[in-house]
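Trainee: I would like a close look at a single part of this model. Please take one helix and what surrounds it, and walk me through it in one go.

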Amino acid sequence: MFPLVSAILASLFRIIFHNSITTIFKTHHFRMHLNISKTHRFLAIFSTFCIALLLARILIKGSMFYVFLVWNLFLAIIPYAISSWLLHTRWIRKHTFPLCIFLGIWLLFLPNAPYLITDLMHLRYAKSSVIWFDALLLFAFALNGLLLGIFSLQHVFQVLMERWNVKTAKRILFCVVFLCGFGMYLGRFLRWNSWELFSDPMLLAQDCFRSILYPAYRMKTWGITLGFGSFLWVLLLGVQTFIPIKKATTI
């Protein structure tokens, strides 16, 4: 499974970065796309570093305990890939219906990015003599997922801002970060996957209502939703403070 997932991950990187570089030389906004390309490159290097850490851990301990992190990282890249494509595709930003469809798909996968933060919980189950290395490994993957999520939110903010306006974009993303927090709860504690919205929607809806309304689940549900949602919102505001919003591409 590990070689297959690694090959898929590498292919996705090539698609993202090839399209990004191609777009740079086809538009008049060279400087902005150079910055976007640098972001792609940094995330690719960071992801490679995380996988290298995992391979080192496997060689040192001879254990595949953390190999699931590669799959989780792959899922975290999906919303970033979607938002990057939306940012680089002008025609879809001009048509509300297809834009909303792709934003819905993006939102469905978005919780997978910050979800990697919750993998830090596995540290308490790891019976290892190199616990410091496990902590570094999990933190690196968690930070990678968080960056993918924040940059993806930044992309979508630009798309929404150009399609409507700044106020509307902020209102939508304010709701999105808390939906993302709720999605993290569903994934970590109820073990739901993004695609199960289509394979088992009724059972998913029941679990959602039960989590929100039943007293036995309400504290954890609202705590995680509000906690992680607020955390993502504060980080997004910080990113927007230090990285100014620029006009998207014109292809």
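Mentor: What follows starts with the whole chain and then turns to helix H9 and its surroundings.

The model is predicted. The chain has 251 residues, and 48% of them count as buried. Its secondary structure comes to 10 helices and 0 strands. Take the contacts between residues at least 6 apart in sequence: 78% of them join residues at least 24 apart.

Now H9. This helix covers residues 201-213. Its 13 residues reach 18 Å from first C-alpha to last, close to the 18 Å expected at 1.5 Å a residue. Four residues of H9 are buried: Leu204, Asp207, Cys208 and Ser211. They lie on the same side of H9, because they cover an arc of only 100° around the axis. The other side of the helix has Met202, Phe209 and Leu213, which are exposed.

What do the buried residues of H9 pack against? Their partners are H7, H8 and helix H10, the last spanning 215-242.

Ser211 shows this in detail. Its relative accessible area is 2%, so Ser211 is buried; the cut-off is under 20%. Leave out residues up to four places away in sequence, and Ser211 touches Tyr185, Leu190, Tyr217, Arg218 and Thr221. Tyr185 falls within H7, residues 166-189. Tyr217, Arg218 and Thr221 fall within H10, 215-242.

Next, the link from H7 to H8. Arg191 sits in the loop between H7 and helix H8, which spans 196-199. Most residues other than glycine have a negative phi. Arg191 has a positive phi, near 60°. Its relative accessibility is 51%, so Arg191 counts as exposed, the cut-off being over 50%.

H7 also has a partner on the H6 side. Two packed helices are described by the angle between their axes and the distance between the axes. For H6 (residues 131-163) and H7, the axes come within 8 Å and cross at roughly 145°. The crossing is right-handed. From H6 come Leu153, Val156, Phe157, Leu160 and Met161. From H7 come Val166, Ala169, Lys170, Ile172, Leu173, Val176 and Val177. By class, this contact has 11 nonpolar, no polar and 1 charged residues. The charged one is Lys170.

H7 and H6 lead on to H5. The buried residues of H5 pack against H6 and H7, and also against helix H3 (68-87) and helix H4 (90-93). These buried residues are Leu99, Leu103, Trp106 and Phe109. They are on the same side of H5, because their arc around the axis is only 120°. H5 itself runs over residues 96-109; its 14 residues should span 20 Å at 1.5 Å a residue, and its end C-alpha atoms are 20 Å apart, which agrees.

One last stop, in H4. Ile92 has its place in this helix. At 0% relative accessibility, Ile92 counts as buried. Neighbours within four places in sequence aside, Ile92 is in contact with Trp85, Leu86, Pro98, Leu99 and Phe102. Leu99 is also one of the buried residues of H5. Ile92 and Arg163 are 71 residues apart in sequence, yet 9.9 Å apart in space, C-alpha to C-alpha.

To return to H9: its buried residues pack against H7, H8 and H10, while Met202, Phe209 and Leu213 are exposed on the other side.

Definitions and conventions. Residues numbered from 1 in each chain as written. Predicted model: local features only at pLDDT ≥ 70, side-chain atom pairs only at ≥ 80, totals over all residues. Heavy atoms only, no water. Axes fitted to C-alpha atoms, helices over the stretch in contact; angles between N-to-C directions. Helix = DSSP H or I, 4+ residues; strand = E, 2+ residues; numbered from the N terminus. Left-handed = near helix turned anticlockwise from the far one by under 90°. Contact = heavy atoms within 4.5 Å. Expected span 1.5 Å × (residues − 1). Buried < 20%, exposed > 50% of the residue type's maximum accessible area, 1.4 Å probe, protein only. Arc of directions from axis to C-beta.
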